[in-house]
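Hello,

Here is the structure I promised to pass on to you. Please have a look at it first, and my notes on what turned up follow below.

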Amino acid sequence: MYERLAEKLESTTAVKWFPGRGAKEEWIAEAEAELGFSLPPSYRWWLKNYGGATLSGTGILMLAPPDVREYVDTDILYIHRLNQDDEEWREQYPHRLDIFVPDEDELYFFDTSAKDEQGEFPVMRYDLMNDLIEEYAPSFAGFLEQLIDKRSAVY
């Protein structure tokens, strides 16, 4: 199902991933229990098979081992907890789960209010300079493919 994406990951220089560092199923189950919903299938596939990676030097949010999670700033639950601690943020973005926050003028997140029939959340792009939010991809797999294509063409 994710063959094309796996091929892109094998051949790109934009994404650096680390073989053998995939998330364990129990980590994913614990994360889902804390979040209160299932993570999208393509993101679960990514977590299990690739775990973590950097895209043009910035970490794509992942699941760190539970015993170090509170110290890893690329852990999706760590970032989610920080966001949830901010009452104003919670009120403004009740259905936002960040997945990629580069040091640029944009960030990407799951819109957890819009699950499709396959269980995928759309990935939204937040243009911070213009305060504009738009759908970037219908799934995490689509998000990765688009960013790989965009960043591979640039670099």
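Let me start with a pair of helices: helix 2 and helix 4 cross in a left-handed manner. The residues that make this contact are A31, E34 and L35 on the helix 2 side and L77, H80 and R81 on the helix 4 side. By class, they comprise three nonpolar, one polar and two charged residues. Before going further, please keep in mind that this is a predicted model.

As for the geometry of that pair, the axes of helix 2 and helix 4 (residues 76-84) lie 11 Å apart, at an angle of about 15°. An angle under 35 degrees counts as roughly parallel, and therefore helix 2 is roughly parallel to helix 4.

Helix 2 has another partner. Its axis (residues 25-35) comes within 10 Å of the axis of helix 3 (residues 41-49), and the two cross at roughly 140°. Helix 2 and helix 3 are therefore oblique to each other. The handedness of this crossing is right-handed. On helix 2, the residues involved are E25, I28 and E32, and they meet R44, L47 and K48 of helix 3. This contact has two nonpolar and four charged residues, with no polar ones.

Now to what is buried. In helix 3, the buried residues are S42, Y43, R44, W45, W46 and L47. R44 and L47 thus appear both in that buried set and in the contact with helix 2. Just after helix 3 comes G51, with a positive phi of about 75°.

Which residues of helix 4 are buried? They are I76, L77, I79, H80 and N83. Looking down the axis of helix 4, you will find these buried residues within an arc of 160°, so they line one face of the helix. What do they pack against? Their partners are helix 2, helix 3, helix 5 (87-92) and strand 4 (96-100). Two of the buried residues, L77 and H80, also take part in the contact with helix 2.

L82 also sits in helix 4. With a relative accessible area of 45%, L82 is partly exposed. If you would like a distance to check in your viewer, the C-alpha atoms of L82 and P94 are separated by 14 Å, and these two residues are twelve apart along the chain.

Two loop residues are also worth a visit. T112 belongs to the loop between strand 5 (106-111) and strand 6. Is T112 buried or exposed? Buried means under 20% relative accessible area, and T112 is buried because its value is 18%. Setting aside neighbours within four places in sequence, T112 is in contact with F37, H95, R96, L97 and F121.

The other one is D131, in the loop between strand 6 (123-127) and strand 7 (132-137). D131 has a positive phi of about 50°, although it is not a glycine. D131 counts as exposed, at 58% relative accessibility. So the two loop residues contrast in burial, because T112 is buried and D131 is exposed.

If you open the model with one thing in mind, I would suggest beginning at helix 2, with helix 4 roughly parallel to it and helix 3 oblique to it.

Happy viewing, and best wishes

Technical notes. Residues numbered from 1 in each chain as written. Predicted model: local features only at pLDDT ≥ 70, side-chain atom pairs only at ≥ 80, totals over all residues. Heavy atoms only, no water. Axes fitted to C-alpha atoms, helices over the stretch in contact; angles between N-to-C directions. Helix = DSSP H or I, 4+ residues; strand = E, 2+ residues; numbered from the N terminus. Parallel < 35°, antiparallel > 145°, perpendicular 65-115°, else oblique. Left-handed = near helix turned anticlockwise from the far one by under 90°. Contact = heavy atoms within 4.5 Å. Nonpolar A, V, L, I, M, F, W, Y, C, P; charged D, E, K, R; others polar. Buried < 20%, exposed > 50% of the residue type's maximum accessible area, 1.4 Å probe, protein only. Arc of directions from axis to C-beta.
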